[in-house]
Amino acid sequence: MPRPHVLVVDNGTLSLPQLSAVLADLGTATTVVDTASVTSRLADHHQAVVLSGTKVRAHDLAHYAPLLDLLANTDVPVLGICGGMQLLAVAAGGRLCPGPQRVGRSDVQVDTDEPLFTHVRSPVTLFQRHTLYLREAPQGFRVIGRSTQAPVEFLRSADGRVMGAQSHLEFRPHGREILRGFTDFLR
């Protein structure tokens with residue numbers, strides 16, 4: 001069976017090598033493009049899209065217009081990580097709020113009945129690095145993970161196709177297992 005192929009959109013994260021390595025270890029082939037190089041149509045061989053963390057704030061929708069066009073024109077699973085989740089939420093009408101800087105480990109309660117969390121038990125310990133928070137899921141999404149620091153640590157679209165993680169899943173064992181849950185959608 002051929003390896004599933006994932007388009008990884010590099011939104012400026014410093015941890016792209018780690019993210020790509022984890023996805024490869026989980027049996028996927030990846031193509032990495034930066035935000036400026038995204039086309040409005042997904043290549044036929046891509047079975048999913050993963051959005052990395054961001055350097056440019058997620059509220060700058062003009063900067064991300066090509067990426068948002070791509071996501072509007074595809075029906076494959078999408079996972080936004082950290083700023084990638086924030087971008088998905090803002091594009092759907094969500095609002096980001098400033099908060100205390102979090103860097104390091106964080107315990108997160110997850111809804112273990114969600115397929116994304118097939119390989120973990122709640123709570124999970126994940127790596128955080130951010131200062132902006134989503135206080136509630138935008139319309140068309142629901143919260144599937146939360147912590148004492150952030151009411152929205154994970155979200156999922158009503159149709160289950162689009163998911164987001166505030167945490168950097170490319171670090172820590174629980175993050176890897178959540179990524180495994182995402183790659184399960186591709187098999």
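**Reading a predicted fold, one label at a time**

User: What share of the protein's contacts with a separation of 6 or more comes from residues 24 or more positions apart?
Analyst: That share is 71%. Contact here means heavy atoms within 4.5 Å. Before we go on: this is a predicted model, where local features need pLDDT of at least 70 and side-chain atom pairs count only at pLDDT 80 or more, while totals for chains, interfaces and linings use all residues. Residues are numbered from 1 along each chain as its sequence is written, and side-chain values use heavy atoms, with hydrogens and water left out.

User: What makes the protein as compact as a globular protein of its length?
Analyst: Its radius of gyration, taken over C-alpha atoms, is 15 Å, close to the 16 Å from the globule rule for 187 residues, so the label fits. That rule is 2.2 Å times the number of residues to the power 0.38. The C-alpha trace spans about 40 × 35 × 30 Å along its principal axes.

User: How many helices and strands are there, and what pattern do they follow?
Analyst: You'll find 4 helices and 9 strands, arranged along the sequence as β-α-β-β-α-β-α-β-β-β-β-β-α. Both kinds are DSSP runs numbered from the N terminus: helices are H or I with at least four residues, strands are E with at least two.

User: Why are S2 and S6 called edge strands?
Analyst: Two strands pair if DSSP finds at least two bridges between them. The open sheet runs S2-S1-S3-S4-S9-S8-S7-S5-S6, with mixed pairing. Strand S2 (29–34) and strand S6 (124–134) each pair on one side only.

User: What makes S1 and S3 a pair, and likewise S5 and S7?
Analyst: S1 and S3 share 5 bridges in the parallel sense, and the cut-off is at least two, so they pair. Valine 6 stands opposite alanine 48 in S3. S5 (residues 96–110) and S7 (residues 141–146) are joined by 2 bridges and run antiparallel; at least two is what the definition asks, so they count as well. Valine 110 has glycine 145 in S7 as its bridge partner.

User: Which strands does helix H1 touch?
Analyst: Helix H1 (residues 16–25) packs on the sheet against S1 (5–11), S2, S3 (48–54) and S4 (78–81), and its direction makes about 170 degrees with that of S1. Such angles run from 0 to 180 degrees between N-to-C directions, with axes being lines fitted to C-alpha atoms, for helices over the stretch in contact.

User: How do you know how many disulfides there are?
Analyst: A search of the whole structure finds 0. Cysteine 82 has its nearest cysteine sulfur, that of cysteine 97, 15 Å away. A disulfide needs two cysteine sulfur atoms within 2.5 Å, so this pair doesn't qualify.

User: Why does cysteine 82 count as buried or exposed?
Analyst: Its relative accessibility is 6%, so it counts as buried. Buried means under 20% relative accessible area, exposed over 50%, and partly exposed in between (1.4 Å probe, protein chains only). Cysteine 97, at 13%, is buried too. Buried residues make up 53% of the 187 residues.

User: And what makes the link between threonine 35 and asparagine 11 a polar contact?
Analyst: Their side chains meet at 2.6 Å. The term takes a pair of N or O atoms within 3.5 Å; within protein, one must be able to donate a hydrogen and the other to accept it, and residues adjacent in sequence count only if both atoms are side-chain atoms. Threonine 35 sits in the loop between S2 and S3, and it is buried because its relative accessible area is 5%.
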